[in-house]
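The following exercises concern internal cavities and disulfides. Please examine the sequence and the model before reading the solutions.

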Amino acid sequence: MSSGIAAGVQSTPQYDEQKRPITAGGFVEKGTVVFQDITKSAGLAGWTHKMGVPQKQFIVETNGSGVCLIDYNNDGWLDIYLVNGSTFDALDGKEPTAHAALFRNNRDGTFTDVSKEAGVQNDRWGYGCSVADYDNDGWPDLYVGNYGKNRLFHNNHDGTFTDVAEGAKVDLGNWSPGSSWGDYDGDGRLDLYVTGYVHFDRNNLPIAGTKAVGYASCLYRGDNVNCGPRGLLGEPDHLFHNDGVDKDGNIKFSDVTVKAGVEDKDKYYGFTTIFADVNNDGKPDIVVGNDSEPNFLYINKGDGTFDDQSYVSGFALNKDGREIASMGIAAGDYENSGLLSFYVTDFGDDYKVLYHNDGDASFTDVSYKAGLAQTTIPFVGWGDGFLDFDNDGWLDLFEVNGHVYPEVDKHDWGTTFAERPLLFHNIPENSGKGRKFEYVPPVKGSGLADVLPARGAAFGDLFNDGKIDVIINPVDGPPALLRNVNPDKHHWVAIGLVGGKNAANGKMSPKDATCATVYLQANGVRQRQDVLSSGSYISSNDRRLHFGLGDATDAGTAEIHWPSGAKEKIKLPAVDRIYTIEEGKGITAALCGGKLCDGKAAEVKLLPEAPAK
């Protein structure tokens, strides 16, 4: 068998003027610096990700980990949770365990590792994470997917967490990389979807030529590499219903995968999953990216079950009818049409796919038309995100990259193990009737020129300055924090939502408003943003909704579609603010420059700050 990762025909190697592979070259001397790498000055460089041994003998050592943005202490500033991997020796007690890191935002441009005292080090082989307030207590919780049993870290409101996964019956086992949260049945409680990847058996290791891989060889461009995922047994996905509090006062979940109609019968290799309202009916649907196999799209029928529309929707395959590797998924309304489209990253020798939402849960692969395909072919893509880096009101695209086979550095194949990220600027088509993406060259010495074996990435306003930054989690190295320093002076607004009760029907939204949708009418356009618990590559972004306004000084009107079914329109009083809006109560707080604004909104604090430990 081959290496087993979906890809197109081997592409012609691309080199820059210095004869460097384009994946680690192509830098320009002059140009606009959009991102600056501030990892060291921010205090993040001392932590190191570990994922097996450098030789990457097995697939469990290659896929890397995600990163989550979480305001764990409710102080209005985003903190960073970096998932870590492990090694076989660590699992066997022969060497120290690699630990995940929770970096507290010090509000001064620096971060402090508080993972030990917070109790979230996760001494297991970690992969993905997602953020949501699953028990509606007003504090964000953290789900971590592992090779081995998973963790559900409950926020204790005092700067610490407690792992309750086993008691809640969501710990599973073996290999679960991705997770997402959404209230699929409208009971006001967040439910959990978890992807399964490969069933990795250490007693039956997938070594080339052995029974574990059907006695096949595992080759990439004729060279021996680690085996999988194709040819290996997969792990099924699971949907857990939040049953609420039991008689002992604990939240319990029940596995409703089969009952809800989302059974992964063929055990596809699941990576990233997202709960989001794909067809604008107010009910969260489920999107799943599967590695080297067709993707899933489950449409919520509103009766506690889902309709598998993966193929009929056009989301299962690319335009050529081929499955792709589907590592990361970015969800966003890049045309300001009111519809969520998806950008899905893929392996090298293949273009990355932009699935355009045509309405009614129907998708078209427009990657070439949008100007994304050709540039992305040499890169192995992972984390990705729609972000408006210049606050002009149109969502741009960012993708991080890195190969899975260290062997590529030994050959003149025009590719590298460590790769640089890609940024695309959203611009009008020549016809003026649509949108396309323009490649932004990496200026030498800037964040776009970072060459990393990247995996997870998360996007958010880490400094409360109205610009979207990027945190990257690579394999076998320190993270990379790319601060947005784009010189534009455009205005913006951001909105954090707090769910409540719908006065009309009595239904409750989840406290953290997961899967709420906000349409902002401002500056002549109607933008859409969604509160999502997951995305990118098994990661979680800023849950606050960010809208660029260009040169407009009118903040516009927000139309909020709450999970409870309530709809509210709220005029935003000023630009360049982070608003907190509570269901049925309107604006209850506002931040200006990271501090509470003057005036009425300043009388209400965002949420109670965790007491000092």
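**Exercise 1.** What volume does the second largest cavity have? Describe its lining.

**Solution.**
1. The model is predicted, and a search of the whole structure returns 5 cavities of 30 Å³ or more.
2. The volume of the second largest cavity is about 420 Å³.
3. Its lining comprises 29 residues, of which Ala331, Phe386, Gln529, Asn541 and Asp542 are the closest to the centre.
4. Two or more lining residues come from each of strand 20 (329-332), strand 24 (381-387), strand 28 (454-460), strand 33 (525-530) and strand 34 (545-550).
5. By class, the lining residues are 12 nonpolar, 9 polar and 8 charged.

**Exercise 2.** Determine which cysteines are joined to Cys68 and to Cys592, and whether each partner is buried or exposed.

**Solution.**
1. The structure contains 3 disulfides.
2. Cys68 is bonded to Cys129, with an S to S distance of 2.2 Å, and both residues are buried.
3. Cys68 belongs to strand 2 (residues 67-70) and Cys129 to strand 6 (residues 125-132), so this disulfide ties together parts 61 residues apart in sequence.
4. Cys592 is bonded to Cys597, the sulfur atoms being 1.9 Å apart.
5. Cys597 has a relative accessibility of 4% and is therefore buried, whereas Cys592, at 23%, is partly exposed.

**Exercise 3.** Identify where the nearest cysteine sulfur to Cys515 lies.

**Solution.**
1. Counting bonded cysteines along the chain, the disulfide pattern is 1-2, 3-4, 5-6.
2. Cys515 takes part in no disulfide; the nearest cysteine sulfur belongs to Cys68, 15 Å away.
3. The relative accessibility of Cys515 is 13%, so this residue counts as buried.

Technical notes: Residues numbered from 1 in each chain as written. Predicted model: local features only at pLDDT ≥ 70, side-chain atom pairs only at ≥ 80, totals over all residues. Heavy atoms only, no water. 1 Å grid on protein atoms, 1.4 Å probe; cavity = no way out; pocket = protein on both sides within 12 Å on 5 of 7 lines; lining within 4 Å. Points joined across faces, edges and corners; volume = space filled by probe spheres on them. Helix = DSSP H or I, 4+ residues; strand = E, 2+ residues; numbered from the N terminus. Nonpolar A, V, L, I, M, F, W, Y, C, P; charged D, E, K, R; others polar. Disulfide = S-S within 2.5 Å. Buried < 20%, exposed > 50% of the residue type's maximum accessible area, 1.4 Å probe, protein only.
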